[in-house]
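Thanks for making the time this morning. I would like to walk you through one chain, moving from single residues to helix packing and then to the aromatic rings.

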Amino acid sequence: GRLEAVTQQMGYHPQYLDSFLKMQHYLMHMDGPLPFDCRHYIAIMAAARHQCRYLVNLHMLQFLRAGGDPQWLRGLDFIPPKLRNLNEINKILAHRPWLITKEHIEKLLKISEWSWSLAELVHAVVLLAHCHALASFVFGCGCEQDEGLGGRGSLKPSSPGNQCLCEATTGNGCSQELLRINRKRSLDSCMELDSLRECMQRIHVETEGREEMRLLQQDREEGEGQGVEVGVRGGWLSLLADTDREVTGATNLECYMQDPDFGYQDFARHDEDQTQVFRVQDYSWEDHGFSLVNRLYSDIGHLLDEKFRMVDGLQSSAMAKRQGCEPSVFKRGIWNYIHCMFGIRYDDYDYAEVNQLLERMLKVYIKTVTCYPEKTNSEMFDRFWKQFKHSEKVHVNLLILEARMQAELLYALQAITQYMV
């Protein structure tokens, strides 16, 4: 009955956790333009861009539980062209979202039989941005190292006694009803290995049947005789064997992406072409993005907006006091610094404040978690803000998650708007 690592970390801020789980549950499990198995596969593609095995494994399980074709788990070469065509926008959004153009959108919407609808594309874009940003949170808080997923141990401290994490850290307690709802809603609920194995075996039997087992045996015998890999079905059954050691899913996440060397590059702040700079005064979430996403994917805009507002409303008086400023000033400094790394600028903000508010180690940590989270390690987490509580560090990672997600959405939604005009 233990909560999985992401929920444990977000549990330090229970109001935000509730908002996060509501949005994620709607995105992954409620009515929407995309089939359920495709949603989880898109999540796999997004998480793989940052080599986030934690999220890849969880969504592999959900993909299979949703009735997904096990062959797709072999990589992009085994999925429908329509889904594979999403790879380019996934790559750009994950690493250099400022490169997204209306031509990328047009290409996806006008590929004859493999074309996407606007509603489907908006759903996919929200999924990609959500999983990219969540990968940052996973690495930033050490969830990737969670012992339950074969890692080296989590960064989280243990809670005293039998208190829930909310009670142990905030002093306010966490109602049993909230815990019950959160456990029910969380798509990432931790599964015991025996249950996992039973689930996967059941899916295998239902989808493959006795004939598949006969073919599997034949392939295995041929493979052993020729010194080659067993094949699709052998790779699928290897998942079952791996659960005896750890939930590993795919051994090489590069099978879920193309151009794996494509990564973040510093935004050209002094580029000759200043039109590259994204000015929030011209296109903002509040005035433009919210209405577009809500029109094409009903209600998701409200849930996203609630989440953005929730993280902005989290109490940070202790953090701000230590930095000698007001909470709103400190949080805005972090938010605007993250957006600045993606080329998003606010005309009414003095960026000299960032250097005054954020010490060097904090800036290094924020940039690493935001732009290349897979490079984050436990030493970086321990070194920044030694004097701060764990819950305060989690708060910073929540700001990173939401600021990054909004940045990706702004670029993608602006490109969709330009296409529609």
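**Contacts, packing and rings in a predicted model**

Let me begin with Ser-19, which, once residues up to four places away in sequence are set aside, touches Glu-306, Lys-307 and Met-310. This serine belongs to helix α2, spanning residues 14-29, and with a relative accessible area of 1% Ser-19 is buried. I should say at once that what you have in front of you is a predicted model, and that every value I quote is computed from it.

For the chain as a whole, the secondary structure amounts to 20 helices and two strands. Of the 421 residues in the chain, 55% are buried. If we take the contacts in the chain with a separation of 6 or more, then 74% of them are between residues 24 or more positions apart.

Now to helices α3 and α4, and to the loop that lies between them. Ile-44 sits in helix α3, and its relative accessibility of 0% puts Ile-44 among the buried residues. Which residues is Ile-44 in contact with, leaving aside its neighbours within four places in sequence? They are Val-56, His-59, Met-60, Leu-73 and Tyr-256. For one of these, His-59, we also have a backbone distance: the C-alpha atoms of Ile-44 and His-59 are separated by 6.1 Å, although the two residues are 15 residues apart along the chain.

Asn-57 is a residue of helix α4, which covers residues 53-65, and at 2% relative accessibility Asn-57 counts as buried. Asn-57 lies 9.6 Å from Ala-47, C-alpha to C-alpha, with the two ten residues apart in sequence.

The loop between α3 and α4 contains Gln-51, and here the backbone deserves a moment of attention. Most residues other than glycine have a negative phi. Gln-51, however, has a positive phi of about 55° although it is not a glycine, and with a relative accessibility of 47% Gln-51 counts as partly exposed. A second case is Asp-299, again not a glycine, whose phi is positive at about 75°. Asp-299 is found in the loop between α13, residues 285-296, and α14, residues 300-313, and its relative accessible area of 38% makes Asp-299 partly exposed.

Let me turn to a pair of helices. The axes of α7, residues 102-109, and α20, residues 390-420, come within 8 Å of each other and cross at roughly 70°, so α7 is roughly perpendicular to α20. On the α7 side the residues involved are Lys-102, Ile-105, Glu-106 and Leu-109, and these meet Ala-415, Ile-416, Gln-418 and Tyr-419 of α20. By character, the residues of this contact of α7 with α20 divide into five nonpolar, one polar and two charged.

Helix α20 comes up again when we look at the aromatic rings. How many aromatic pairs does a search of the whole structure find? The search returns 15. A pair of aromatic rings is described by the distance of the centres and the angle of the planes. On that basis Phe-278 and Tyr-283 form an edge-to-face pair, at 6.3 Å centre to centre with 85° between the planes. Phe-278 is buried, with a relative accessible area of 3%, and Tyr-283 is buried too, with a relative accessible area of 5%.

Phe-278 also pairs with Tyr-411: the ring centres are 4.9 Å apart and the planes stand at 65°, so this pair is edge-to-face as well. Because Phe-278 lies in strand β1, residues 278-279, and Tyr-411 in helix α20, the pair ties together parts that are 133 residues apart in sequence. Tyr-411, at 4% relative accessibility, counts as buried.

Elsewhere, ring pairs link Trp-98, Tyr-264, Phe-267, Phe-342 and Tyr-372 into a cluster. One of its members, Tyr-372, also has a charged neighbour, since the charged end of Lys-375 sits over the ring of Tyr-372, 4.8 Å from its centre. There is a further arrangement of this kind at Tyr-351, where the charged end of Arg-345 sits over the ring, 4.0 Å from its centre.

That is where I will stop, and I am happy to take questions.

Conventions:
Residues numbered from 1 in each chain as written. Predicted model: local features only at pLDDT ≥ 70, side-chain atom pairs only at ≥ 80, totals over all residues. Heavy atoms only, no water. Axes fitted to C-alpha atoms, helices over the stretch in contact; angles between N-to-C directions. Helix = DSSP H or I, 4+ residues; strand = E, 2+ residues; numbered from the N terminus. Parallel < 35°, antiparallel > 145°, perpendicular 65-115°, else oblique. Contact = heavy atoms within 4.5 Å. Nonpolar A, V, L, I, M, F, W, Y, C, P; charged D, E, K, R; others polar. Phe/Tyr/Trp six-rings, centres within 6.5 Å; stacked < 30°, edge-to-face > 60°. Buried < 20%, exposed > 50% of the residue type's maximum accessible area, 1.4 Å probe, protein only. Lys NZ or Arg CZ within 6 Å of the ring centre and 35° of its normal.
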